[in-house]
Number of protein chains: 2
Amino acid sequence: MTEPPAHSIWLRPERAARGPVPTFDRDRIAAAGVALADTDGLPAVTMRAVADALGAGPASLYRYVATRDELLELMIDRVNGEISYTELGSGVWLDDLLALARQSRSVHLAHPWLLDATATGTPVGPHAVTYLEHALTALADLDAAPRTKLEAIAILNAVIAALTRAEVTRRLTGQTIPQWQRAQAEYLTRIATAGRHPHLAAALAGQTPGSEDSTEALFDRIVTRVLTGLLGPDDLATPPRS
Amino acid sequence: MTEPPAHSIWLRPERAARGPVPTFDRDRIAAAGVALADTDGLPAVTMRAVADALGAGPASLYRYVATRDELLELMIDRVNGEISYTELGSGVWLDDLLALARQSRSVHLAHPWLLDATATGTPVGPHAVTYLEHALTALADLDAAPRTKLEAIAILNAVIAALTRAEVTRRLTGQTIPQWQRAQAEYLTRIATAGRHPHLAAALAGQTPGSEDSTEALFDRIVTRVLTGLLGPDDLATPPRS
DNA sequence: ATTTACTGCGATCGATGTTCGCAGTCCAGG
DNA sequence: CCTGGACTGCGAACATCGATCGCAGTAAAT
């Protein structure tokens, strides 16, 4: 009766009661995975690669992790631990959430693979729970249903992800690596100028690549507007329709 | 000198000038992939599965598609073609974008795998361009920079995806399929009630599972608030900070 | 000391994306 | 009408990946 632990990895004890002392631990494994992903991207994080980055055999990892997705969960939670909460506690919920968003953004920029890793609806690890708790703390004085607050936080995270993804791809576009971005741009302009898409053509033509806003300022502005739209007073939600 | 076409699939001609008439075409392949994904999920869409759903050999697909990701692009574009634009043209940009968002939502609900397929920053196909054009048309009379409009649309799409993902997982939670949702809920409540997370505990306790709003009404309300926050008048963005 | 439970891991399985080469098919140009 | 070149379908195979199995060694519990 060796019922396998169908639980989440966070509910499973890290060390067993009996048996030899393990050579590694979850932290070292997660660190190795993060290092690999940071330098060579998510696809480079294979079980074998992580294993012999640790100097272990290919099958040894399965003593610590039930599946590759659990390894990704460890990695995600590890970089979520890099978030700092020292700038919170301003007393203004919008400022606190903005600080939180900035922290999340910088983590995503430092670990671009995080965007792909969290893209599939991944369960939340301990550090994500800490993040959630701080966000709810920031909203404690706000008069809104808990459900509304949780939804606002979820949407904030989605917006952060979208903005950061655009930023990452924009950063890579200037470099040498990518191929499909060129193809997409060529395709877009070709389609737009081939008639039948006048507004798109105008929008693409109206792009002024130089003299952009500071990326941080733009990020702040958009996050601010989304948050005020979501959590601001009710009369903002029924605007100039008239 | 058989330089392979490094272009996007949308820039590549579907049929060759010479040679035998192909047995299949991109539409049929995309349809087969969509059918497979609809019934058994995205992982079921393997090259072999699609091939012999079509009655073809495993390697024949590569005459139509350079890689599996291109097959996914075909599938994505195909379901994007299910979007209807008949309810647009109200003259009020918010109503038009809301109608667009509703259409996008229903497509995502009809094809849940779309969430995972578009999660990785995928290039846009012809039908996505049509979608973009309609969104820009709705915003034509609005006084804002093209860049702002494009960003607002991108964020709207991200919000739609987040809301729809929550809806899909909520729908599956009631059923038999998933395992990790239970584990996650158990983990969340255990963590929250184990102290150190008072606001989370309060928020989870404050959930009233019965008497929820209509999902459509909630969707409309959130999308409306996000859009007015993003594209509404400027004085909304500097709120009760006082 | 014996039992029990765990660890590291070589070998291996099954599945998947993709490539190669060949035989057959169809169109363009003469 | 014919012929050459280009394309098609596809069986076979390759590389790689996630995951499993079983065994020898080790540490704690009894």
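Does Arg105(A) count as buried or exposed, and at what relative accessibility?

1. The model is predicted. Arg105(A) counts as buried because its relative accessibility is 10%, and the cut-off for buried is under 20%. The residue belongs to helix 4 of chain A, which covers residues 93–110. Leaving aside residues up to four places away in sequence, Arg105(A) is in contact with Ile160(A), Thr164(A) and Glu167(A), and also with Thr215(A), Glu216(A) and Phe219(A).

2. The chain A–chain B contact comes next. Each side is listed with its own count: 65 residues from chain A and 65 residues from chain B. Between the two chains about 5800 Å² is buried, and carbon and sulfur atoms give 65% of that area. On the chain A side, the residues that lose the most area to chain B are Arg147(A), Tyr187(A) and Arg225(A); together they make up 13% of what that side buries.

3. DNA strand C is surrounded by 26 residues, with Thr23(A), Arg63(A), Tyr64(A), Arg48(B) and Thr67(B) the closest. By class, the surface near this strand has 13 nonpolar, six polar and seven charged residues. Among the strand C atoms within 4 Å of the protein, sugar or phosphate accounts for 54%, and bases for the rest.

4. Polar contacts to strand C involve side chains of both protein chains. A side-chain N or O atom of Arg63(A) is 2.8 Å from a base oxygen of DNA strand C, and one of Arg48(B) is 2.7 Å from a base nitrogen of that strand. The side chain of Ser60(A) places an N or O atom 3.0 Å from a phosphate oxygen of DNA strand C.

5. DNA strand D has 27 residues around it, of which Arg48(A), Thr67(A), Thr23(B), Arg63(B) and Tyr64(B) come nearest. The surface near strand D divides into 13 nonpolar, seven polar and seven charged residues. Sugar or phosphate supplies 58% of the strand D atoms within 4 Å of the protein, and bases supply the rest.

6. From chain A, the side chain of Arg48(A) has an N or O atom 2.6 Å from a base nitrogen of DNA strand D. Phosphate oxygens of strand D are reached by a side-chain N or O atom of Tyr62(A) at 3.2 Å and by a backbone N or O atom of Arg68(A) at 2.8 Å.

7. An unreviewed UniProt entry lists residues 46–65 of chain A as "DNA-binding region". In the model this span is 35% helix and 0% strand, and its end C-alpha atoms are 13 Å apart.

Terms used
Residues are numbered from 1 along each chain as its sequence is written. Chains are lettered from A and ligands numbered from 1 in the order in which they are written. This is a predicted model: local features need pLDDT of at least 70, side-chain atom pairs count only at pLDDT 80 or more; totals for chains, interfaces and linings use all residues. Side-chain values use heavy atoms; hydrogens and water are left out. Helices (H or I, at least four residues) and strands (E, at least two) are DSSP runs, numbered from the N terminus. Buried means under 20% relative accessible area, exposed over 50%, partly exposed in between (1.4 Å probe, protein chains only). Contact means heavy atoms within 4.5 Å. A residue is near a molecule or strand if one of its heavy atoms lies within 4 Å of it. A polar contact is a pair of N or O atoms within 3.5 Å; within protein, one must be able to donate a hydrogen and the other to accept it, and residues adjacent in sequence count only if both atoms are side-chain atoms. Ala, Val, Leu, Ile, Met, Phe, Trp, Tyr, Cys and Pro count as nonpolar, Asp, Glu, Lys and Arg as charged, and the others, Gly among them, as polar. UniProt positions are given in the numbering used here, feature names are shortened, and annotations may be inferred rather than shown by experiment. Buried area is the accessible area (1.4 Å probe) that two parts lose on being put together, summed over both.
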